[in-house]
Amino acid sequence: MKYDFTSYYDRRRNGSCKWLKLNTIDEKSRDNVIPMTIADMDFPTCPKIVDAVKKYVTTEVLGYSEPTYDYLDSVKNFFEEVHDFSIEKEWVITSPGIVPALSTCVRAFTQENDGVIMMTPVYNPFYHVVEMQNRRIEECALILKDNRYYISFEKLESLAKKDDVKMLLLCSPHNPGGRVWTKEELQKLIDIALENNLIIVSDEIHADITLKGKKHFILPSVDKRIERLSVVCTAASKTFNIAGLQTSNIFIANPELRQKFVDTNLASGIEKANVLGLVATKAAYDHCRDWMEEMKIVIEENQDFVTAFFAELSPRFKVMEQDASFLAWIDYSELNVDEKEFYEFLAQECNFFVNSGKMYGEVSKYFIRINVGIPTEQLKKNLERFKRGVEGKYLYSSAGQN
Ligand SMILES: Cc1ncc(COP(=O)(O)O)c(C=O)c1O
């Protein structure tokens with residue numbers, strides 16, 4: 001490997017949201033524990049991003065900034081070359097993150113009490129941006145079949161037909177299920193949207209991290225007609241591990257939707273970009289694709305390790321095959337254990353910090369989500385602690401057996 005994906009880097013000192021979890025356990029037990037919750041990775045930043053940011057900080061004034069033509073060229077080239085998807089530069093609006101953009105879309109394109117469709121379980125801020133803005137969640141639960149998620153098109157169609165349902169929040173690839181939606185699936189979604197005048201806001205933040213040769217399709221690349229009814233949310237933040245710089249690129253082809261989005265942002269005072277986020281994104285897209293490829297190899301190895309680990313531990317754990325990204329999704333319903341008890345046991349007795357499936361919806365209560373974007377050796381150590389704890393308490397105890 002040309003880049004460093006093995007160093008253990010203690011992020012407690014820099015206020016990492018994920019690492020602050022460790023404050024809940026005593027100092028002595030913290031050695032070698034890496035929390036595997038919030039979706040950022042514990043790998044050092046690609047040196048070319050660091051160099052670009054350093055250069056900017058030492059030579060430029062850190063004033064208000066807009067994306068430059070060069071910046072927009074980089075975004076355009078990246079999507080053409082990596083995703084075979086062509087954008088016009090005027091489609092791009094920068095936003096201080098994808099979650100703020102989702103929130104803006106909800107305000108811009110729906111009224112209070114309107115329905116917004118989402119396929120559950122799903123990334124938890126989807127719920128917040130709808131419910132906390134007084135819109136109604138229209139749940140289109142994913143179908144769980146043979147340990148893989150599928151879209152219920154029948155349900156989707158019936159929801160889309162309701163008069164006050166205006167929007168679908170799509171997670172593509174899906175977090176936490178790891179599904180890369182196929183071209184055929186996306187085409188069906190598009191057909192339903194076009195027929196019912198349903199706006200699709202497609203969160204594609206995990207799009208670059210496809211695994212095992214899977215191909216991700218940026219929504220309008222499947223069918224150009226959806227350009228008039230869609231918003232595509234993208235960012236370099238997951239792929240290049242720069243989420244703290246809070247910068248994303250939102251593609252809106254339809255000028256009317258774009259203007260509404262811009263005006264709604266203006267009303268909230270969201271207008272200018274974070275200049276260091278722009279610098280880092282440009283450096284990432286222009287110069288760090290080899291880092292991205294190496295990162296994907298490490299993630300694929302880690303995902304494979306998790307799958308093999310649970311298969312060997314017990315058939316009562318089911319690891320969902322991940323087409324994309326660094327989140328593993330594990331069904332433990334066959335342990336027959338209370339969700340809260342299990343989650344607390346993992347954190348308190350095993351120093352094993354993951355997200356409870358309940359965060360992503362009631363339907364996934366008996367799942368855990370593990371962030372495998374950490375050095376492989378640390379992942380192994382974390383899983384060893386899980387094994388020691390869970391074997392004694394749930395697998396080979398008098399209460400049950402493997
Ligand atoms: C599907 C999805 N969307 C959005 C985000 C966060 O985006 P941002 O930090 O740009 O708001 C995440 C982070 O985990 C995510 O998984």
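Start with the whole chain on screen: the structure holds 31 salt bridges. Keep in mind as you click around that this is a predicted model. Side chains of opposite charge can pair when their charged atoms come close. We'll visit a few such pairs, then a buried serine, and finish where the two domains meet.

**Stop 1: Lys272 and its partners**

Select Lys272 and Glu66. Their side chains meet in a salt bridge, with 4.0 Å from N to O. Now show the backbone around each one. Lys272 sits in the loop between helix 8 (255-267) and helix 9 (275-287), while Glu66 is in the loop between helix 1 (47-59) and helix 2 (69-83), so this pair ties together parts that are 206 residues apart in sequence. Switch on a surface if you like: Lys272 is partly exposed at 35% relative accessible area, and Glu66 counts as exposed at 52%.

Stay on Lys272 and add Glu271 to the selection. These two also form a salt bridge, and their closest N and O atoms are 3.2 Å apart. Glu271 counts as partly exposed, with 49% relative accessibility.

**Stop 2: Asp164 and Arg136**

Next, pick Asp164 and Arg136. Here the side chains meet in a salt bridge of 3.0 Å, N to O. The pair links distant parts of the chain: Arg136 belongs to strand 3 (residues 136-139), Asp164 to the loop between helix 5 (153-160) and strand 6 (165-171), and the two are 28 residues apart. Buried or exposed? Asp164 is partly exposed, with a relative accessible area of 29%. Arg136 is partly exposed too, at 29%.

**Stop 3: Ser356**

Jump to Ser356, which you'll find in strand 12 (residues 355-356). With a relative accessible area of 7%, Ser356 is buried. What does Ser356 touch, leaving out residues up to four places away in sequence? Light up Glu339, Tyr343, Lys365 and Phe367. Zoom in on Glu339: its side chain makes a polar contact with the side chain of Ser356, at 3.2 Å.

**Stop 4: where the domains meet**

Zoom out and colour by domain. The domain assignment gives domain 1 as 11-45 + 289-400 and domain 2 as 48-287. If you place a marker at each C-alpha centre, the two markers will lie 27 Å apart.

Now select the residues on both sides of the boundary. On the domain 1 side, 34 residues are in contact with 40 residues of domain 2. About 3200 Å² is buried between the domains, and carbon and sulfur atoms give 54% of that area.

How many salt bridges cross the interface of domain 1 and domain 2? The rule finds 6 of them. There are also 22 residue pairs in polar contact across this interface. To see what domain 1 brings to the meeting, highlight helix 10 (289-313), strand 10 (318-319), strand 11 (327-331) and strand 13 (367-371); each supplies at least two residues of the side that touches domain 2. Helix 10 gives the largest share, 10 residues. Colour that side of domain 1 by class and you get 17 nonpolar, 6 polar and 11 charged residues.

**Last stop: a salt-bridge network**

Select Arg148 and Asp323. They form a salt bridge, with the closest N and O atoms 2.9 Å apart. Then widen the selection to Arg179, Glu185, Lys214 and Glu321: together with Arg148 and Asp323, these residues are linked in a network of salt bridges.

How values were computed
Residues numbered from 1 in each chain as written. Predicted model: local features only at pLDDT ≥ 70, side-chain atom pairs only at ≥ 80, totals over all residues. Heavy atoms only, no water. Domains from an automatic or database assignment. Contact = heavy atoms within 4.5 Å. Buried area = accessible area lost by both parts, 1.4 Å probe. Polar contact = N/O pair within 3.5 Å; in protein donor to acceptor, adjacent residues only side chain to side chain. Helix = DSSP H or I, 4+ residues; strand = E, 2+ residues; numbered from the N terminus. Nonpolar A, V, L, I, M, F, W, Y, C, P; charged D, E, K, R; others polar. Buried < 20%, exposed > 50% of the residue type's maximum accessible area, 1.4 Å probe, protein only.
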